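Biologist: Could you walk me through this model? I have plenty of questions, so let us take them in turn.

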Amino acid sequence: QVQLVESGGGSVQAGGSLRLSCAASGIIFSSYAMGWYRQAPGNQRELVARISSNGITNYSDSVKGRFTISRDNAKNTVYLQMNSLKPEDTAVYYCNARRTTKVDGSYGYWGQGTQVTVSS
């Protein structure tokens, strides 16, 4: 079955860095766009960063210049390097895999999430 397993979350002080990883199994990883989303208490889940199957990236305005998404297709893993962290980055971070085909439309999978806490 499909599994997306996030790791690398934790607690850090403002200005610090964390690197999240998401290891995928059960899918043809290179065919999927991969994304990182986050959800803070009381808020909706929001897109943080996304990387297409051919490596095109996009970021939310709130993290642009501080976060970097990358993928290693040989390891079936997507990363999120988070620098200059702020307390408002505190959230549960979720990995997402999404694929769109003409036959099946758009479908995707979610990981279980990893907590990131940034203290001031």
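**Bonds, sheets and rings**

Modeller: Gladly! The structure holds one disulfide, and please keep in mind that the model is predicted.

Biologist: Which strands do the two disulfide cysteines, C22 and C95, lie in, and how far apart in sequence are the parts they tie together?

Modeller: The sulfur atoms of C22 and C95 are 2.1 Å apart, within the 2.5 Å that a disulfide requires. C22 belongs to strand β3 (residues 18–25) and C95 to strand β9 (residues 91–101), so the bond ties together parts of the chain 73 residues apart in sequence.

Biologist: What is the handedness of the disulfide between C22 and C95?

Modeller: Let us look at the S-S bond. The torsion about the bond joining C22 and C95 is about -80°, so this disulfide is left-handed.

Biologist: Is C22 buried or exposed?

Modeller: The cut-off for buried is under 20% relative accessible area. C22 has a relative accessibility of 0%, and C95 is likewise at 0%. Therefore C22 counts as buried.

Biologist: Happy to move on to the sheet with the order β1-β3-β8-β7; which strands stand at its edges?

Modeller: Four strands make up this open sheet, and their pairing is antiparallel. Each edge strand has a single partner, so one side of each is left without a neighbour in the sheet; these strands are β1 (3–7) and β7 (67–72). From one strand to the next, the twist averages 15°. To name the edges once more, they are β1 and β7.

Biologist: Which residue in β8 is the bridge partner of S21?

Modeller: β3 and strand β8 (residues 77–82) run antiparallel and are joined by six bridges. Across from S21, the bridge partner in β8 is Y79.

Biologist: Which residues make up the covered face of strand β11?

Modeller: Strand β11 spans residues 114–119, and its uncovered face holds Q115, T117 and S119. Two residues of the other face also appear in the pairing: V118 is the bridge partner of V12, and V116 has A91 opposite. The covered face is T114, V116 and V118.

Biologist: In which sense does β9 pair with β11?

Modeller: β11 is joined to strand β2 (residues 10–13) by four bridges, and those two run parallel. With β9, there are three bridges, and the sense is antiparallel.

Biologist: Now the rings: how many aromatic pairs are there, and what kind of pair do Y37 and W110 form?

Modeller: The count of aromatic pairs is five. For Y37 and W110, the ring centres are 4.9 Å apart and the planes stand at 70°, so the pair is edge-to-face. Y37 is in strand β4 (residues 33–39) and W110 in strand β10 (residues 105–110), so this contact ties together parts 73 residues apart in sequence. In short, Y37 and W110 are edge-to-face.

Biologist: Is W110 buried or partly exposed?

Modeller: Y37, at 17% relative accessibility, counts as buried. W110 has a relative accessible area of 39%, so W110 is partly exposed.

Biologist: Which residues do ring pairs link into a cluster?

Modeller: Let us begin with Y107 and Y109: their ring centres are 6.4 Å apart and their planes at 85°, so they are edge-to-face. Y107 is partly exposed at 23% relative accessibility, and so is Y109 at 28%. The cluster linked by ring pairs is Y32, Y107 and Y109.

Biologist: One last one: over the faces of which rings does R45 lie?

Modeller: R45 is 3.7 Å from the ring centre of Y94 and 4.5 Å from that of W110. The rings are therefore, by the 6 Å cut-off for a charge over a ring, Y94 and W110.

Key: Residues are numbered from 1 along each chain as its sequence is written. This is a predicted model: local features need pLDDT of at least 70, side-chain atom pairs count only at pLDDT 80 or more; totals for chains, interfaces and linings use all residues. Side-chain values use heavy atoms; hydrogens and water are left out. Buried means under 20% relative accessible area, exposed over 50%, partly exposed in between (1.4 Å probe, protein chains only). Two strands pair if DSSP finds at least two bridges between them. Axes are lines fitted to C-alpha atoms, for helices over the stretch in contact, and angles run from 0 to 180 degrees between N-to-C directions. Rings of Phe, Tyr and Trp (its six-membered ring) pair if their centres lie within 6.5 Å; planes under 30 degrees apart count as stacked, over 60 as edge-to-face and the rest as tilted. A charge sits over a ring if NZ of Lys or CZ of Arg is within 6 Å of the ring centre and within 35 degrees of the ring normal.
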